[in-house]
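Got the model loaded in your viewer? Switch to a cartoon view, keep the selection box handy, and follow along.

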Amino acid sequence: MSIIYALVSRGTTVLAEYTESKGNFTTVCQRILSKIGTADSKMTYMHDRYVFNYVSSDGLIYLCMTDQSFERRIAFAFLQDIQSRFTNQYGKKGKTAVAYQMNDEFAGELRNRMIYFSSNPDSDKIKKVKSEIDDVKKIMTQNIEKVLERGEKIEILVDKTEHLSNQAFKFKHESTALKRHMWWKNCKLMSILVCIVLVVIFFIIAGACGGMTFKKCTGKN
């Protein structure tokens, strides 16, 4: 189960390719390349025991050949990886390059990525995520089993959680009510203090002005 052949081309003009196998698949690839239009697309072809996957993007074609047992999603992940690396390395040069102009440099890159995606489990990101999910499920199952071993029931834990939630809601409600009550109490207290201060000021002024009639301050006899 592996990637057998890979190439980067502009139409039928191959810019770089790599394979360690021998066969007529290069002829088959040329036929496929001649049928691919200029619009961005991706497609899978089957021929005998082999599968040809390609991605056409921005005028360039990234194609690989695998055996039938090879996962299609990994093949397209390989092609996207190659597309990114080729674009980063050569930019727009692929649109004007002659046949096999990048082969000396990029064939080695094709080889390395073919080996990686053919043999490294980390290349299959979906499988890796599923494995991580399975690990989490396993840990959760083990934790539940430990709880059951202690003789505690899940229903009791749920009841405790709901009870704590209800208690928290009740506490919040009572705290809000207490805060509102204290605010009104402070308002009443401040009103009383203001009234007392005003009364005191009134009597001080009245005393200084000769009594409640304020005759000294008004100049009246």
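First, what the labels mean: helices are DSSP runs of H or I with at least four residues, strands are DSSP runs of E with at least two, and both are numbered from the N terminus. With that settled, go to Gly 91, just after α2, where phi is positive at about 60°. Keep in mind throughout that this is a predicted model.

**The whole chain**

Zoom out and color by secondary structure. You should find six helices and five strands. Read from the N terminus, the elements go β-β-α-β-β-β-α-α-α-α-α. Of the 221 residues in the chain, 27% are buried. If you like contact maps, take the contacts between residues at least 6 apart in sequence: 50% of them join residues at least 24 apart.

**The sheet**

Now select the strands. They make an open sheet of five, ordered β2-β1-β5-β4-β3, with antiparallel pairing. At the edges sit β2 and β3, each of which pairs on one side only. Look along the sheet for the twist, which averages 15° from one strand to the next.

Next, pick out β1, residues 3–10. Why call it largely enclosed by the rest of the structure? Because seven of its eight residues are buried. On one pairing, six bridges tie β1 to β5 in the antiparallel sense, and Ile 3 has Thr 66 of β5 as its bridge partner. β1 also pairs antiparallel with β2 over six bridges; for Ala 6, the partner in β2 is Tyr 18.

Follow the backbone from β1 into β2 and you pass through a hairpin with two residues between the strands. Click Gly 11 in that turn: its phi is positive, about 65°.

Then move to β4 and β5, joined by eight bridges and running antiparallel. Tyr 50 pairs with Asp 67 of β5 there. While the sheet is on screen, add α1, residues 25–35: this helix packs on the sheet and touches β1, β2, β3, β4 and β5. The direction of α1 makes about 40° with that of β1.

**Two residues to compare**

Select Ser 56, which you'll find in β4. Is Ser 56 buried or exposed? It's buried, with a relative accessible area of 3%, because anything under 20% counts as buried. Show its neighbors, leaving out residues up to four places away in sequence, and you get Ile 36, Gly 37, Ala 39, Asp 40, Ser 41 and Ile 61. Put a distance label between a polar atom of the Ser 56 side chain and the backbone oxygen of Ala 39; they lie 3.5 Å apart.

Now jump to Met 46 in β3. Met 46 is exposed, since its relative accessible area is 59% and the cut-off is over 50%. Beyond residues up to four places away in sequence, Met 46 touches Val 51 and Gln 68. Try Asp 67 too: Met 46 and Asp 67 are 21 residues apart in sequence, with 9.5 Å from C-alpha to C-alpha.

**Helix α2**

Select residues 72–90, which make up α2. The helix has 19 residues and spans 27 Å from first C-alpha to last, close to the 27 Å expected at 1.5 Å a residue. Show side chains for its buried residues: Ile 74, Ala 75, Phe 76, Phe 78, Leu 79, Asp 81, Ile 82, Gln 83, Phe 86 and Tyr 90. What covers them includes β1, β2, β3, β4, β5 and α3.

**The cores**

Bring in α3, residues 103–119. It lies across β1 and β2, at about 45° to β2.

Which residues have the most contacts inside the largest nonpolar core? Light up Phe 78, Phe 86, Met 102, Phe 106 and Leu 110, in a core of 26 residues. The elements giving two or more residues to this core are β1, β2, β5, α2 and α3, and the largest share, eight residues, is from α2.

For a close-up, center on Leu 110. Not counting residues up to four places away in sequence, Leu 110 touches Ala 6, Ala 16, Glu 17, Tyr 18, Phe 78 and Ile 82. Last stop: a second, separate core of 15 residues, among them Val 14, Val 28, Cys 29 and Leu 33.

Methods
Residues numbered from 1 in each chain as written. Predicted model: local features only at pLDDT ≥ 70, side-chain atom pairs only at ≥ 80, totals over all residues. Heavy atoms only, no water. Expected span 1.5 Å × (residues − 1). Buried < 20%, exposed > 50% of the residue type's maximum accessible area, 1.4 Å probe, protein only. Contact = heavy atoms within 4.5 Å. Polar contact = N/O pair within 3.5 Å; in protein donor to acceptor, adjacent residues only side chain to side chain. Core = buried A, V, L, I, M, F, W, Y, C linked by side-chain atoms within 4.5 Å. Pairing = 2+ DSSP bridges. Axes fitted to C-alpha atoms, helices over the stretch in contact; angles between N-to-C directions.
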